[in-house]
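These are my notebook entries from a reading of one structure, kept in the order in which I looked things up. I began with the pocket, then went on to the sheet and to two loop residues.

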Amino acid sequence: MSKSQAIIYQRYKNMSEALIKALTRRGYEAYFCENSKEAKEKVMSLIPENATVSWGGTLTLEDMGVLDAVRKGNYKVIDRDTATTPDERTKILKASLTANVYLSSVNAISEDGIMVNIDGLGNRISAIAFGADSVILVVGMNKVCRNAEDAKLRARTYAAPNNGLRLNLTNLPCVKTGFCADCIAPECMCSQIVEMRTCRIPGRIKVVLVGEDLGL
């Protein structure tokens, strides 16, 4: 680890103490892991064997190797990437709403524990907010913002253009220019914006904070 990386990591670790307290007050089960390797082990420990597992679009979990580990594990996997037609993909996305365990990240989180997610179709936020029995959210500390308004701003002006590029949505204004145009395009990444303030069912949503820059 370089000197600059060590400084950033220490700041992330310091921030995590207050953030975990904030998330706990809001009804979430929260953890801090020093790095991706530790976070992967933590996530896998939270998934019961034989559980039905699915996930939303997430580079965080893909880059960490969690998705590959789930595919190879003793689980019933609902994998959106196995779809060969749009209709089949839609059926898989709907099936994922009732998974035992749903894996995802968030687009941004405030210092006081408010998480913000944007969605095009709404499948990811539906599974997180209500559908799945248990939800595990893995969040790089680079996604921490000062407050809820800043978290929304990050989701709209940073995460959305980057995810548009990831999905090759070349007609979107934010993909063409790199800047949010507050568009209402058919493929808009920001069709739904959900602010998660509390977890009504204690422990249903688990948040794994990671002391690294992860995801978009």
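**Pocket lining.** I looked up which element gives the largest share of the lining of the largest pocket, and found that α5 does so, with five residues. I kept in mind throughout that this is a predicted model. For the space in this largest pocket I noted about 730 Å³. I then listed the residues that line the largest pocket, 33 in number, and wrote down those closest to its centre, which are R80, D119, G120, N123 and L167. The elements that give two or more residues to this lining are α3 (59–64), α5 (86–96), β6 (115–119), α6 (123–131) and α7 (148–166). Sorting the lining residues of the largest pocket by class, I recorded 14 as nonpolar, 11 as polar and eight as charged.

**Sheet.** My next entry concerns strand order, and I read an open sheet of six strands, arranged β1-β10-β7-β4-β2-β3, with parallel pairing. Why is one side of β1 and of β3 left without a neighbour in the sheet? I traced this to their position, since β1 (29–33) and β3 (76–77) stand at the edges and each has a single partner strand, so one side of each has no neighbour in the sheet.

I then followed one pairing in detail: β7, residues 134–140, and β10, residues 205–210, pair in the parallel sense over six bridges. Within this pairing I picked out V139, whose bridge partner in β10 is L209. As a reminder to myself, strands of a sheet pair through backbone hydrogen bonds, in either the parallel or the antiparallel sense.

I also checked what lies across this part of the sheet, and found helix α1, residues 3–25, placed across β1 and β10 and running at about 170° to β1.

**Backbone outliers in loops.** I searched for positive phi values outside glycine, and entered N168, with a phi of about 60°. N168 sits in the loop between α7 and α8 (173–177). Is N168 buried or exposed? Its relative accessibility is 57%, and because exposed means over 50%, N168 counts as exposed.

A further entry is D182, likewise not a glycine, for which I noted a positive phi of about 50°. I placed D182 in the loop between α8 and β9 (192–196). D182 has a relative accessible area of 56%, so I entered it as exposed.

Definitions and conventions. Residues numbered from 1 in each chain as written. Predicted model: local features only at pLDDT ≥ 70, side-chain atom pairs only at ≥ 80, totals over all residues. Heavy atoms only, no water. 1 Å grid on protein atoms, 1.4 Å probe; cavity = no way out; pocket = protein on both sides within 12 Å on 5 of 7 lines; lining within 4 Å. Points joined across faces, edges and corners; volume = space filled by probe spheres on them. Helix = DSSP H or I, 4+ residues; strand = E, 2+ residues; numbered from the N terminus. Nonpolar A, V, L, I, M, F, W, Y, C, P; charged D, E, K, R; others polar. Pairing = 2+ DSSP bridges. Contact = heavy atoms within 4.5 Å. Axes fitted to C-alpha atoms, helices over the stretch in contact; angles between N-to-C directions. Buried < 20%, exposed > 50% of the residue type's maximum accessible area, 1.4 Å probe, protein only.
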